[in-house]
Amino acid sequence: MNKNNPDSTIEKIPALVFGASSDEGRAVIEGLVESVRYDPVYAFTRHSGNKYLGATVFPGDIQNQDDVRNALVETGAGAIYLLTTTNLGSEAPETTASGFGDAVMEEYETLQQFAHVLKEVVADSSDKDDGEMSTRHLIVSTRDDVQSINKQYKQETGKTWISPMDDGSVVPHYSAKGRGAQYAMEYLANDSKVAVTLLTIPFLYSNFLGFFCPLPADDPKTQWHLTACLGEDGSQKIDMMGARDLKYIVPRILSDPALFNSKNLRLVGQSISMDEIAAEFADLFGKDVIFNPLTLSEMAALPFSAAPAIAQMCEYLASDKSPKGNLNLSKALLAPKQPQSFQDWLLVHSDSPAFESVGLDWDGANISFVTVFGATSKEGISVVKGLLADTRKQYRIRATTRNVDSPEAQALLKLAPEGRNIDLVEADYDDVESCKAAVNGVEGAFLVANLSSDKHVMASEYSHLQNVIDACDASHSIRHLVLAS
């Protein structure tokens, strides 16, 4: 065992993320990169570049079977995350009002072909390795196959739940994923070299940065409306979650292929109503934000191509007949962390350009210079990576350590992309003046407090914590201290 690097004895598993440029994909990549078990991590994307959030870019088109095959073969990935998208088009609404059958079939065939290619690659690898290859674990991000659920409801009750479009489409961007993911799991079920897990993802908070963003109802802006057909009065609870949770959930699932093989895990972070969502916006921004319910036909007639599909989705999500996520399961997969709440997500994204563009401006502190105490710890490294990855602004980072020449400190410097710097400084928690120097001129600070149960150790750690807090309190520039425990 390497005493300087205990993680060196852990078998490294190459990981490959399809759909890397999405919110989901980015969260999964961050989790895999930070894990000691997955290395290298590859981001399969159409975008060019050598690195993406610490992962190596593997350029390609997921609809191209040769690109998919090359990625699976060349990376040798044992951990695979697959996210596909439904092409709902960009035409005027009247050209798609009849349905989205072609889009559904395209995505379904992409998932079907992926399963076929993976099986072929695994078979070829097994032959070359004399059957010694370890199990590959595929996680497929999916949604409910609403078209099949809707059809079954009609057969069982004789009643119509969601009226299909002219070509039979029902929530196409959900149904395509659901049907394709189920096919992949069934097709690969008898392959002992492949474990397949489905993750059924609920409505993501990030939708409020797009179509569901509150819009001003008048000019001058005095009131904002959350406009959708998500229930008649805004009181219906809807399953939601933050993509951030996948950063922790996916590595946990990948760590135990046998336990999660052939499972469909229904996730949820919070069940919350649109009235509660509106109240969170109002509380944070200090504006009058309300839920403005639309009828199904009003929403389907909105002037963008995907409106009919989005309207069906809202009808499905707001219904008490739709299957619900398993909160206890989500908490177990995240433990000891808790699922991200909408309130927490909104605070993190409060200065998003999407909100600023509609006049939702938060008067919170404008922070761009941050001290990260204990930057070479696991938590500190994670915070540094998060600040560097934030696309909304370029943070200046001052990272503290006890020894700036240590291998861990020097490795931290290499995290900064070209054109960005990390200021590395030594700080002694026993010396309040040293702590004051570390926060001099900065606007924000982060500190993690890992208090021991040992009374003597706790006394020392409490003293360190007090010194940092006193240093921040004495500072004339600090506006926000984040204390994690």
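## Exercises on a predicted protein model

At 14% relative accessibility, histidine 464 counts as buried. That's a taste of what we'll do here with a predicted model.

**Exercise 1. Work out why histidine 464 gets its label, and find its neighbours.**

Step 1: Start with the cut-off: buried means under 20% relative accessible area.
Step 2: Histidine 464 has 14%, so it goes in the buried group.
Step 3: Now place this residue in the fold: histidine 464 sits in helix α17.
Step 4: Leaving out residues up to four places away in sequence, histidine 464 touches Arg402, Tyr429 and Asp430.

**Exercise 2. Is aspartate 470 buried, partly exposed or exposed?**

Step 1: Find the helix. Aspartate 470 is part of α17, which covers residues 455-474.
Step 2: You need two cut-offs here: under 20% is buried, over 50% is exposed, and partly exposed is in between.
Step 3: Aspartate 470 comes out at 33%, so partly exposed is the label.
Step 4: Try a distance too. Valine 439 is 31 residues away from aspartate 470 in sequence, and their C-alpha atoms are 11 Å apart in space.

**Exercise 3. Describe the surroundings of glutamine 340.**

Step 1: Look between two helices: glutamine 340 is in the loop that links α11 (327-334) and α12 (342-348).
Step 2: Check the accessibility. With a relative area of 5%, glutamine 340 is buried.
Step 3: Look for a side-chain partner. Glutamine 340 and aspartate 344 share a polar contact of 3.1 Å through their side chains.
Step 4: List what else glutamine 340 touches, again skipping residues up to four places away: Tyr205, Gly242, Arg244, Asp245 and Trp345.

**Exercise 4. Does the radius of gyration of the whole chain agree or disagree with that of a compact globule?**

Step 1: Get the expected value. For 485 residues, a compact globule would have a radius of gyration near 23 Å.
Step 2: Compare it with the model: the protein chain has 25 Å, which agrees.
Step 3: Picture the outline. The C-alpha atoms fill a box of roughly 75 × 70 × 45 Å along the principal axes.

**Exercise 5. Sum up the fold and the surface of the chain in a few numbers.**

Step 1: Count the elements: there are 17 helices and 19 strands.
Step 2: Check the contacts. Of those between residues at least 6 apart in sequence, 77% join residues at least 24 apart.
Step 3: Look at burial: 46% of the 485 residues are buried.
Step 4: Finish with the surface. The accessible area is about 23,200 Å², and carbon and sulfur atoms account for 48% of it.

Definitions and conventions
Residues numbered from 1 in each chain as written. Predicted model: local features only at pLDDT ≥ 70, side-chain atom pairs only at ≥ 80, totals over all residues. Heavy atoms only, no water. Helix = DSSP H or I, 4+ residues; strand = E, 2+ residues; numbered from the N terminus. Rg over C-alpha atoms; globule rule 2.2 N^0.38 Å. Buried < 20%, exposed > 50% of the residue type's maximum accessible area, 1.4 Å probe, protein only. Contact = heavy atoms within 4.5 Å. Areas by Shrake-Rupley, 256 points an atom, 1.4 Å probe, with all protein chains shown as cover. Polar contact = N/O pair within 3.5 Å; in protein donor to acceptor, adjacent residues only side chain to side chain.
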